[in-house]
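Here is a short report for a first look at this structure. Keep the sequence and the 3D view at hand while reading.

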Amino acid sequence: METPEQFVSGFFDEELFPEREREEKKMGNGLLKSVADNVVFVLVCVGIAAALFLIAYGAEKYAQRRAGVTERILTTRKITMIGLFSALAVILHILDFPILFLAPGFYKLDFSEIPALVGTFAFGPVAGVMIEFCKILLKLIIKGTSTAFVGDLANFVIGCSLILPASIIYMLKKSKKMAFVSCLAGSLIMTVFGTAFNAVYLLPAFSNLFGMPMEAIIAAGAEINGNINSITSFVIFAVAPINIIKSVAASGVTLLIYKPLSPILKNASPVVARQRVGEVQK
């Protein structure tokens, strides 16, 4: 004779309730796939961050050897200044805002690359990458994510695509003309790379992790701009303009304020810094 428990459980056999069994298997497989996708995305993020840091470190080491500099790349003062610039960057990043006449609301514009670019001009590529990384880390702690971390990866990588080329070129010869050339090169690279990176990786990752079909993303873009009818046209007409605005704003402000700020940033002595600022103003 069956016990009450066996009798009740018999109603949930696969033969009696095949739909329920299939639904449970589907949910289990969906959960495992979601976890696997998120783990892969996190590993990709870590790999990209490590690669960018290594590129910055290698470029800075090479520049130091050429100049005969033996100072450590990360001194105590540099670390302190990285913390300060990261704090400024995260404030500007949190104050992001959508440009609804250009792109859907999940694309937002911020000017956090301004302190990152100033910091990387003053302290080198490694400092710039660390400012970008710390900015994203602080933003996630303070505000969290609304884009399944895809937007945060985009902000970090695309920001680095501006500051890394700009700082590496500027290290070759630190002059006003070279600063302009480096900002121009960084802006072009950021626009082209950021647009392509969105099309190839970021938008598909956002669609997968956030659960928003690619067709819905393209449709959201089409409501704003009738020329958008594919992922390629989406990134050209919606993503590229935002990258252009962001890179030009960061480059323009940096070129205006870096020279007056340079003595303060590069000198440990406040007295000497004030004297040099006075000389620059004269």
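Are E113 and K135 buried or exposed? Both residues are buried. They also meet in a salt bridge, with the closest N and O atoms 3.0 Å apart. E113 sits in helix 4 and K135 in helix 5, so the bridge links distant parts of the chain, 22 residues apart. Put more plainly, E113 in helix 4 and K135 in helix 5 are 22 residues apart, and the pair links distant parts of the chain.

**Overall layout**

The model is predicted. Its chain has 282 residues, and 41% of them count as buried. The secondary structure comes to 10 helices and 2 strands. Read from the N terminus, the order of elements is α-α-α-β-β-α-α-α-α-α-α-α.

**Salt bridges**

How many salt bridges does the structure hold? The count is 7. Three of them are listed here with their N to O distances.

| Salt bridge | Closest N to O distance |
|---|---|
| K78 and E60 | 3.3 Å |
| E113 and K135 | 3.0 Å |
| D152 and K139 | 2.9 Å |

Take K78 and E60, which meet through their side chains at 3.3 Å. The pair links distant parts of the chain, with K78 in helix 3 (residues 76-94) and E60 in helix 2 (residues 18-67), 18 residues apart. Why does K78 count as buried? Its relative accessible area is 12%, and buried means under 20%. E60 is buried too, with a relative accessible area of 5%.

Next come D152 and K139, with their closest N and O atoms 2.9 Å apart. D152 lies in helix 6 and K139 in helix 5, so this bridge ties together parts that are 13 residues apart in sequence. Both D152 and K139 are buried.

Salt bridges also join into a network. Its members are D110, E113, E132, K135 and K246. The pair of E113 and K135 was met at the start of this report.

**Aromatic pairs**

Now to the rings. The count comes to 12 aromatic pairs. One of them is formed by F97 and F111. Their centres are 6.2 Å apart, the angle between the planes is 50 degrees, and the pair is tilted. F97 lies in strand 1 (residues 97-98), and F111 lies in the loop between strand 2 (108-109) and helix 4 (113-123), so the pair ties together parts that are 14 residues apart in sequence. F97 is partly exposed, at a relative accessible area of 34%. F111 is partly exposed as well, at 28% relative accessibility.

F133 and F156 make another pair. Their ring centres are 6.1 Å apart and their planes stand at 75 degrees, so the pair is edge-to-face. F133 is in helix 5 (residues 125-143) and F156 in helix 6 (residues 150-172), 23 residues apart, and the pair links distant parts of the chain. How do these two residues stand in terms of cover? F133 is partly exposed, at 42% relative accessibility. F156 is buried, with a relative accessible area of 5%.

Rings also form a cluster. Which residues do ring pairs link there? They are F106, Y107, F206 and F234.

**A charged patch on the surface**

Last, look at the surface. K174, K176, K259 and K266 gather there in a patch of positive charge. K259 has its place in helix 9 (residues 231-266). It is exposed, with a relative accessible area of 56%.

How values were computed:
Residues are numbered from 1 along each chain as its sequence is written. This is a predicted model: local features need pLDDT of at least 70, side-chain atom pairs count only at pLDDT 80 or more; totals for chains, interfaces and linings use all residues. Side-chain values use heavy atoms; hydrogens and water are left out. Patches are made of residues with over 30% relative accessible area and no salt bridge: like charges are joined within 9 Å, nonpolar side chains (Val, Leu, Ile, Met, Phe, Trp, Tyr) within 5 Å. Accessible areas come from the Shrake-Rupley method with a 1.4 Å probe; for residues, only the protein chains shown count as cover. A salt bridge is a side-chain nitrogen of Lys or Arg within 4 Å of a carboxyl oxygen of Asp or Glu. Lys and Arg count as positive and Asp and Glu as negative; His and the chain ends are not counted. The place of a charge is taken as NZ of Lys, CZ of Arg, CG of Asp or CD of Glu. Helices (H or I, at least four residues) and strands (E, at least two) are DSSP runs, numbered from the N terminus. Buried means under 20% relative accessible area, exposed over 50%, partly exposed in between (1.4 Å probe, protein chains only). Rings of Phe, Tyr and Trp (its six-membered ring) pair if their centres lie within 6.5 Å; planes under 30 degrees apart count as stacked, over 60 as edge-to-face and the rest as tilted.
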